[in-house]
Amino acid sequence: MKQFRLVWQSLLQIKGAALLLMIVLTLALFVLTYLIGLIRYQNYSRTLLEQAEINNSVYLKLAVDDNQMAQDMYGTFSAIARTYEEIADWPGIKEIISIYSYGSMKIDGINYQMLVYNDALLRHFSMAVDGRWFPDKPVSVDQPLPIVLGGTGFSDFETGDVLTAEYSRTQKPISLNVYGKVKYPGYTLSLSNGSTIILSDYLLSDQPVILVRDEPSLLSRLDTSDQVMIDRNAWVVFENGLSEQQQGELLTRLGSYGSYHTYEDIITASRESHIEQLKEILPIPLFLFFSAFSCLFSISSLYVMRNAQNQILYFFCGCSRKRMIGILAQGLFMIFLPPALLNLLFILFYPTISQADWLNLHQVVLDGTSVSLVLLFLAVLLVFLLLPALMISRRHTPMQLYRRMSS
Amino acid sequence: MIEVHQITKNYQLGKAKFTALSDISLTIQPGEMVAIQGRSGAGKTTLFNILGCLDTMDSGTYRLDGQQVEKMKDAELAALRCKKIGFVLQEFALINQQSVLFNVMLPLFFDKMAYRTMKTRAMEALHKVGIANLARHKTNQLSGGQRQRVAIARALVNYPEIILADEPTGALDSKTAGQIMQLISELNQQGMTILLITHDDKMAAYCQRRIVIEDGKIIEDQLTQ
Ligand SMILES: Nc1ncnc2c1ncn2[C@@H]1O[C@H](COP(=O)(O)OP(=O)(O)OP(=O)(O)O)[C@@H](O)[C@H]1O
Ligand SMILES: [Mg+2]
C-alpha cells in the first residue's frame, strides 16, 4: 500500500500528459470495442446462416404488385401465403421457411409485433434462448399463451412471467406466458429484406418481437380470422439429392415467381462484403490507433525521463532495479485503469443496456469475448509502453544514468 | 567493517577499456571517519559506488560486515543499501515536489515497515539534524544548508552503519559547509562509520584518516590526528 505513494509520485511527474493519455486511451478503447463488436456481428450473422442447415435452398423474393398490395392488403397477403403453400407442394421442394403474423400485442402501452413460428422456422432458426422454445405439447386454451421474446427492449420481462397484453385485432386482453427469451445479442430471423444484394447482416433483426408457436388452436385462441400478414420473401428449401437438372428446372420455375439468391451465393457474398467493409472502415481506426500509439509512446518516454531522477534516488535508498521498473509499470497501470474500467463496464452492461433499449448500436455484438479481447489489447499495450523503461534499464545501469544526469 | 581486496573497475569507452580503479585494497573499521581525496577523474566516485553497493566491480572481493558483496544479486544489494548504508550526495538528492518528511521517509519505503512507524522514524531523524520544524515544508522552499540536512536525515533514518557522502558540501558556502561537517562529525562521535569524498582540505580535516587516490590507485592512506 505504501508503494502506492511512490507510484502516485511517479504519476505526478506527468500530470497533464497522464490525463491526456487517459482520454486518448478511453477513445481508442471505445473505437476498438466498436470495431470488435462490428466484426463479431458480421461473423455472428454469417455463422447463424451457416448453422441453419439450409445448404440446399434459395432466398426467394416473390414479385408482388405493389398497387394491388395498396388496394387490397390482406388479399395480397393471402395470395402470397397461397403461393408459398403451392410451392411447398412441388416435387423436389422440402419446405418453405416463411414468417407470418396475425397482428400485434400491446404491453404497457407499447406495441410489439407478434410473429408466428412454424416447425420449419423453429427447426432452422431457433436462436439460443434463456428458458425454452415453447412447451413440448400444446397447452390448453384456458392456459396463458406460450410466447418467446425476441430482439431487444424486453428488459422488464423474465422467463416464467405471465403478462397481460392487448391483442391488436380484438382489442381484448390476452394472457401470455413467457417461456423463453432470446439470449443476447437477441437477434431473430428477418425476411423483410428484398434488396438486390442479400447479405447475412440483413437477415437478422433486433426489433422487439413476440414469437408464438403455429398450432391449430392459435386462431381460435386469439379469436381472430385467418387474415394473415406475411413477408413476401422466404427460404425455399430443396430436397436433398436432387440432380443438377432437377435443381435447374426448379430454379427456372421459381424464377418465374420472382428473383432468388442461392444460399451459397449469399454466404459467399456475405463473406466478401465483410472483408470489403473491413477494408473500407479499417483505415480510419488504424490511423486513429497509429496516432494514439505514437502519442502513448511519446508520453511513456516522457514518463520514464521525468522519473529518471527520482528513480535513481530510489535506487540509492535501497530500491532494486526490478522494483524500479515495477513502480513505473504500476504507474502506467494506474493510467490504464480508469479508461479500462470505463470501457469494460460499458461492455459488460451493454447487453443489458441494449436489451432495455436505452442505447442500441445495432449490428454490434459486445459481450464477454469483447472483454477478453480488450484486456488482451491492454496487456500488450502495457508491455509496449514499458519498452522505453526496459530498454533504458537494459542498456544503462542506474549509476551510468546518474553520471549522465549530473554532468 | 568494510574490507575490499584488489578491486578493479573498468569502463568501456567505445572499443577501448578504461581502468578507473586498479588493485584497490582497503579496510575501514566501524566508527572510523575517512576522507577520500584526489584530483578530478581520479576514481573517487567509482570507489564510492562500489563501496555503496551501487555498482559492480570487475575483479576483487568486497566484504561488508562479513557478507560477500561481489556475489550478490540486484535484490540483495538493494536490501544491503537500504539497511546498512546511508547516502549523502551533492546533486539532486531530494524530490522537490514533496515534503521534507516524505523525502526523509524514502529509504523506509523499501524496508518492511508500517507507514506510521516510517513517519515516527523520519521525525526522529529530523530532530537529530535539527530541522523537525520543517517537516511539512516542500524541499524546494529550503536553503542549501537545510536541504543538505534533509539529505543527512534521510541517510540516517534507517539506522545505517555507514554513511557515504560524495562532496556533501560542494554546493554550500563555507560557513554552512562547516555546520554540515560539524553535524557529520557528531554522527561519527555517536559511532557511525563515515566515508567522505571531498576536494576541500578544510572538510577533510574533520576526518581522522585520509586516503588519496590517483589514477585509480591509492597513493596515500594515513591517520591525520
Ligand atoms: N560510466 C562511465 N563510463 C566511462 N567512463 C567513466 C564512467 N564513470 C567514470 N568514468 C571515468 O572514470 C574516471 C574516474 O571517474 P570518477 O567519477 O570516479 O572520478 P572522480 O574522482 O569522482 O572525479 P570528480 O572529482 O570529478 O568527481 C574518469 O576518468 C571518468 O571519466
Ligand atoms: Mg566524483
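Me: Which elements do the buried residues of H12(A) pack against?
Reply: Happy to start there, with the note that this is a predicted model. The buried residues of helix H12 (residues 398-406) of chain A are A:Pro398, A:Met399, A:Leu401 and A:Tyr402. They cover an arc of only 155° around the axis, which puts them on the same side of H12(A). Their packing partners are H9, helix H10 (321-355) and helix H11 (368-395) of chain A, together with helix H1 (44-51) of chain B.

Me: Which exposed residues does the face of H12(A) turned away from its buried side carry?
Reply: Good follow-up! Exposed here takes a relative accessible area over 50%. On the face of H12(A) turned away from its buried side, the residues that count as exposed are A:Arg403 and A:Arg404.

Me: Within what arc do the buried residues of H8(A) fall, seen down its axis?
Reply: Let's look at the helix itself: H8 (residues 263-281) of chain A has 19 residues and reaches 27 Å from its first C-alpha to its last, close to the 27 Å expected. Its buried residues are A:Tyr263, A:Ile266, A:Ile267, A:Ser270, A:Ser273, A:His274 and A:Leu278. Seen down the axis, they line one face of the helix, because they fall within an arc of 135°.

Me: What covers the buried residues of H8(A)?
Reply: The face turned away from the buried side of H8(A) carries the exposed residues A:Glu272, A:Lys279 and A:Glu280. As for the buried residues, what covers them includes helices H2 (15-50) and H9 (283-316) of chain A, as well as strands S1 (57-62), S13 (233-238) and S14 (258-262) of chain A.

Me: What is the angle between the planes of A:Tyr41 and A:Tyr44?
Reply: The count comes to 25 aromatic pairs over all chains. In one of them, A:Tyr41 and A:Tyr44 lie 6.2 Å centre to centre. These two are three residues apart in helix H2 of chain A, so about one helical turn separates them. Their pair is tilted, and the angle between the planes is 40°.

Me: How many residues apart are A:Phe297 and A:Phe384?
Reply: This aromatic pair is also tilted, at 5.3 Å centre to centre and 45° between the planes. A:Phe297 counts as partly exposed at 30% relative accessibility, and A:Phe384 is partly exposed at 26%. The pair links distant parts of the chain, with A:Phe297 in helix H9 and A:Phe384 in helix H11 of chain A, and the separation is 87 residues.

Me: Which ring does A:Arg5 lie over?
Reply: There are two arginines to look at here. B:Arg121 lies over the face of B:Tyr159, at 3.9 Å from the ring centre. A:Arg5 is 3.6 Å from the centre of its ring, and that ring belongs to B:Tyr115.

Methods:
Residues numbered from 1 in each chain as written. Chains lettered and ligands numbered in written order. Predicted model: local features only at pLDDT ≥ 70, side-chain atom pairs only at ≥ 80, totals over all residues. Heavy atoms only, no water. Helix = DSSP H or I, 4+ residues; strand = E, 2+ residues; numbered from the N terminus. Expected span 1.5 Å × (residues − 1). Buried < 20%, exposed > 50% of the residue type's maximum accessible area, 1.4 Å probe, protein only. Arc of directions from axis to C-beta. Contact = heavy atoms within 4.5 Å. Phe/Tyr/Trp six-rings, centres within 6.5 Å; stacked < 30°, edge-to-face > 60°. Lys NZ or Arg CZ within 6 Å of the ring centre and 35° of its normal.
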